[in-house]
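Thanks for sharing this one; here are my notes, set out as numbered points. I hope they help as you look through the chain.

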Amino acid sequence: VNTAKGIEEAARADEILISLAAASQLFTRFRILGRHALSIKGKSEPVTVFRVLSRRTEATKTLLIPNPGRS
């Protein structure tokens, strides 16, 4: 819960940030961009987060993150 709250607080009003675990489950249905480390209070290591761009359609099959389930 604390990790989710930290990710939510880091997101701007116009963006959705998700964890690596969520990205690895959603990358086939959503266009996901980038990867950056986010320092979250109470976590000793930075948390990797991704930005959700849009829902995928048949026309948008380009994978924007390689192997999101692997570091």
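**Notes on the model**

1. Let me begin with the surface. The accessible surface of the chain comes to about 5200 Å², and carbon and sulfur atoms make up 51% of it. Please keep in mind throughout that this is a predicted model. Of the chain's 71 residues, 24% count as buried.

2. Next, the overall layout. The chain holds 2 helices and 3 strands, and from the N terminus on these elements run α-β-α-β-β. Among contacts with a separation of 6 or more, 57% are between residues 24 or more positions apart.

3. Now the sheet. The 3 strands form an open sheet in the order β1-β3-β2, with antiparallel pairing. Its edge strands are β1 (16–19) and β2 (30–38), each of which pairs on one side only. From one strand to the next, the twist averages 35°. As general background, strands of a sheet pair through backbone hydrogen bonds, either parallel or antiparallel.

4. How many bridges join β2 to β3? There are 7, linking β2 to residues 47–55 of β3, and the two strands run antiparallel. If you would like to follow the register on screen, arginine 31 has serine 54 of β3 as its bridge partner, and leucine 33 stands opposite arginine 51, also in β3.

5. On the other side of the sheet order, β1 and β3 pair in the antiparallel sense over 4 bridges. A handy landmark here is isoleucine 18, which stands opposite phenylalanine 50 in β3.

6. Leucine 53 deserves a look while you are in strand β3, where this residue is found. Its C-alpha atom is separated by 5.6 Å from that of isoleucine 32, and the two residues are 21 apart along the chain. Is leucine 53 buried or partly exposed? With a relative accessible area of 32%, leucine 53 is partly exposed, because the buried class requires a value under 20%.

7. Helix α1 covers residues 2–10 and lies across β1, β2 and β3. Relative to β1, helix α1 runs at about 150°.

8. Within that helix there is a salt bridge to check: the side chains of glutamate 9 and lysine 5 meet at 3.0 Å, N to O. Both residues lie in helix α1, 4 residues apart, which is about one turn of the helix. The two partners fall into separate accessibility classes: glutamate 9, at 56% relative accessibility, counts as exposed, while lysine 5, at 47%, counts as partly exposed. The cut-off for exposed is over 50%, so glutamate 9 passes it and lysine 5 does not.

9. The count of salt bridges comes to 3, and a network of them links Arg12, Asp14 and Glu15. In one of these, the side chains of aspartate 14 and arginine 12 meet at 3.3 Å, N to O. In another, arginine 12 meets glutamate 15 at 3.8 Å, N to O. In general, side chains of opposite charge can pair when their charged atoms come close.

10. What are the accessibility classes of the two acidic partners in this network? Aspartate 14 counts as exposed at 62% relative accessibility, whereas glutamate 15 counts as buried at 15%. Glutamate 15 gets that label because its value is under the 20% cut-off.

11. Glutamate 15 is worth a further moment. Its place is in the loop between α1 and β1. Besides the salt bridge with arginine 12, a polar atom of the glutamate 15 side chain lies 3.0 Å from the backbone nitrogen of arginine 12. Leaving aside neighbours within four places in sequence, glutamate 15 is in contact with Ala10 and Arg51. Arg51 takes us back to the sheet, as arginine 51 in β3 is the residue that stands opposite leucine 33.

12. Finally, a word on the segment after β3, where threonine 57 has its place. The C-alpha atoms of threonine 57 and phenylalanine 30 are separated by 8.5 Å, with their positions 27 residues apart along the chain counted as the sequence distance. Threonine 57 is partly exposed, with a relative accessible area of 44%.

Notes
Residues numbered from 1 in each chain as written. Predicted model: local features only at pLDDT ≥ 70, side-chain atom pairs only at ≥ 80, totals over all residues. Heavy atoms only, no water. Pairing = 2+ DSSP bridges. Axes fitted to C-alpha atoms, helices over the stretch in contact; angles between N-to-C directions. Contact = heavy atoms within 4.5 Å. Buried < 20%, exposed > 50% of the residue type's maximum accessible area, 1.4 Å probe, protein only. Areas by Shrake-Rupley, 256 points an atom, 1.4 Å probe, with all protein chains shown as cover. Salt bridge = Lys/Arg side-chain N within 4 Å of Asp/Glu carboxyl O. Polar contact = N/O pair within 3.5 Å; in protein donor to acceptor, adjacent residues only side chain to side chain.
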